[in-house]
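Colleague: Hey, got a minute to go through this one with me? I'd like to talk about where the chains meet and about the pockets.

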Amino acid sequence: MNSSLMDNIPRIPLAEWTDRSIDYLQAEWGESTQAFANGMEELIKGLQGFLISLPPELLIIVFILLAWWLVSKKVALFTLLGLMFIYNIGLWKVSMETLALVIGAVALCILIGIPLGILAAKNKSAHRIIAPILDFMQTLPAFVYLLPAIPFFGLGVVPAVLTTIVFAMPPVIRLTDLGLKQVPEELEELGKSFGSTFWQMLLKIELPLARANILAGINQCIMLSLSMVVVAAMIGAKGLGGVVWTAIQQLKMGMGFEAGVAIVILAIILDRITQNLGVKQGGRRR
Amino acid sequence: MEIIKVEHLTKIYGSDTNKALKLLNQGQDNNTIKKKTRQVVGVRDVSFHIEPGESFVIMGLSGSGKSTLLRCLNGLISATAGKIFIEGQELTGMPAHSLEKLRRQKMSMVFQRFALLPHRTVLGNVDYGLEIQGLARAERRQKSLQAIAMVGLKGWEDSYPAGLSGGMQQRVGIARALATDPDILLLDEPFSALDPLIRQEMQDELLDIQKRLQKTIVFITHDLDEALKIGDRIALMKDGAIVQMGQPEDILLSPATEYVARFVENVNYSKALTAASVMVRARNVVHPKDGPMTALHIMERFGMSSLFVTDRGGKLLGYVNADDASRIAGQGIRQLDTIIKKDGPAALPDTPLCELLEVLAHTKVPVAVVDEDDSLKGVLVRGSVIAGLAGERREISEQ
């Protein structure tokens, strides 16, 4: 092996540091994170149980009406056929599990992401801290933080939701930040010149104007959440991802493909509906 | 007492303004300061005050600092040095919540590009200031509808801004500014994004509203015609400083610097000049007791075909012409009473010249300039009017 001058620099023990930090954190915080995980599991399981307990016909009708009202007849028709197909191939229950997982993850992304986006837009130092963390969250391979999550939150839906959040939240933060920064200067001046307070500015001017961007962020977040379900199934999230995972292990191509198609159908329906949330309401202005 | 007082206001953009301020106080020009310190001077050492009910126009080309100055008046931009008083309250250095309160109650702003909220209807936009003031919904609605009616947009309450023309959008902007009934209106080039015909219409309407409401107006423009039309007083800015300030005519007739003179060169004088500023003294008048022979003598001597007749107090009674005078002289009548004509053209001293050009073009007798008590103040003759339009101020004698 060729030697280099740089060999004289001692190796930085990043791996050891990380291991030791995780051990330390687990020893110090393990119990509280487990308690948190138990609470959250109750919530997600509750949501899953609720969606599964509903008659499939009712849910299908609700989705069709949403698609019709927010988008178009075409998308409503696709929703009808797509959901009936999922039911037909026997993947309804696992699809509902996945849907509950996505809803839970997206709700948390919105709850945490929008305030963080506002903070990043309003405060330069906050932006300087948040921006690189977002890059980190989006590019760090999911498997790298998937496994360390297990000692903290156990196996099951909770680490699945949390890793999904890590992956899917950045666009909510980024687009909230972007939307707020794109508010025209004159409208900012308008708000200030009439004596608006910080919160009045935010609620009456900035957030309404950033709406389309924020909704685009939420739409992205939903798509990314769905793309994480297979990965999340590795740590016991079940749902459609679980079916895919089993199919891979047992080399059942057909079964894997069915579950994959079901994921795509769910993704298309959720995408079309949420994508038009912004456009439809915005369209009223023009 | 003045409603707005500005004392030695300076605004320098940049992170380290101290050194720049020092150079500025030494009288260095903006370019030198920029080169030496990398700080940009927005407004330099400006002082003025504005009386309640006055329309004060700040005029200058882009980059002259006029918008910066306006934004200092409501604290959107904070001054680097100097003081601003609004109704005696010092605005500079005021804590944020007092500044918010002041903006909510005392002043409102109209923007060049309208600044309407696209997600709100016309009513919702006009409502904005009242909402910020925290009024109850019913009261807000009533006040907003009143303001909308005042700018002539009745029936458009539920439309969205994107569906309105530029002129109508700016009407919404004005209604919004009026709805809170502030003492001071700050208008930042409100009509410059509109096409010329609409612009004139809006100017007229603003003047109309101003006549009724008597607000204090600070109006920014780069258009001299507009400045002359709107302003009771005009401040002309260049490189952040006020180069001349005064009534429209002062600026037109005696430009203080070369810069102002060049600015004024292309103005349409007929809008700015009033009858009083181009009239000449009526030196030769007759009284009713004077006989026709006296009248004829004066006319012959000065080469005129008619003469104004006033009483001893200077009140205009009418005019006589040479034909009638020589006729009654032939009949041996010794008084002018019977031949005084009252149908001669007349104007008030503050009538704009543009309204008189038509009259001047067709009249055979000079136009009398009289005040409200019919007292003869002067005479408009073609020579003086043309000289006025040409921007000359020479004393011109009556023919």
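Modeller: Sure, one term before we start: helices here are DSSP runs of H or I with at least four residues, numbered from the N terminus. Also keep in mind that this is a predicted model.

Colleague: Okay, pockets then. Which helix gives the largest share of the lining of the largest pocket?

Modeller: That's H9(B), with 5 residues. The lining has 22 residues in total, and Leu207(B), Leu228(B), Lys229(B), Ile230(B) and Pro352(B) are the ones nearest the pocket's centre. Besides helix H9 (196-213), the elements of chain B that give two or more residues are helix H10 (224-230) and helix H13 (269-272).

Colleague: How much space lies in that largest pocket?

Modeller: About 660 Å³.

Colleague: And what's its lining like by class?

Modeller: A mix: 7 nonpolar, 7 polar and 8 charged residues.

Colleague: What about the second largest pocket, what volume does that have?

Modeller: About 550 Å³. It is lined by 15 residues, and closest to its centre are Leu140(A), Val144(A), Tyr145(A), Pro148(A) and Val166(A).

Colleague: Which helices of chain A supply at least two residues of that lining?

Modeller: Helix H1 (14-53), helix H5 (124-139), helix H6 (142-153) and helix H7 (157-168) of chain A. H6(A) has the largest share there, 6 residues.

Colleague: How many charged residues are in the lining of the second largest pocket?

Modeller: None: the classes there are 12 nonpolar, 3 polar and no charged residues.

Colleague: Switching topic. How many residues are in contact between chain B and chain A?

Modeller: On the chain B side 27 residues, and on the chain A side 19. Together the two chains bury about 2100 Å², with 61% of that on carbon and sulfur atoms.

Colleague: Why give an area at all?

Modeller: Because the size of an interface is often given as the accessible area lost when the parts come together.

Colleague: Fair. How many salt bridges are there between chain B and chain A?

Modeller: The count is 2. One salt bridge joins Arg71(B) to Glu189(A), where the closest N and O atoms are 2.6 Å apart. There are also 8 residue pairs in polar contact across the interface of chain B and chain A.

Colleague: Which elements of chain B each supply at least two residues of the side that touches chain A?

Modeller: Helix H4 (96-106), strand E6 (107-110), helix H6 (128-133) and helix H8 (166-179) of chain B. H6(B) gives the most, with 4 residues. By class, that side of chain B has 14 nonpolar, 5 polar and 8 charged residues.

Key:
Residues numbered from 1 in each chain as written. Chains lettered and ligands numbered in written order. Predicted model: local features only at pLDDT ≥ 70, side-chain atom pairs only at ≥ 80, totals over all residues. Heavy atoms only, no water. Contact = heavy atoms within 4.5 Å. Buried area = accessible area lost by both parts, 1.4 Å probe. Salt bridge = Lys/Arg side-chain N within 4 Å of Asp/Glu carboxyl O. Polar contact = N/O pair within 3.5 Å; in protein donor to acceptor, adjacent residues only side chain to side chain. Nonpolar A, V, L, I, M, F, W, Y, C, P; charged D, E, K, R; others polar. 1 Å grid on protein atoms, 1.4 Å probe; cavity = no way out; pocket = protein on both sides within 12 Å on 5 of 7 lines; lining within 4 Å. Points joined across faces, edges and corners; volume = space filled by probe spheres on them.
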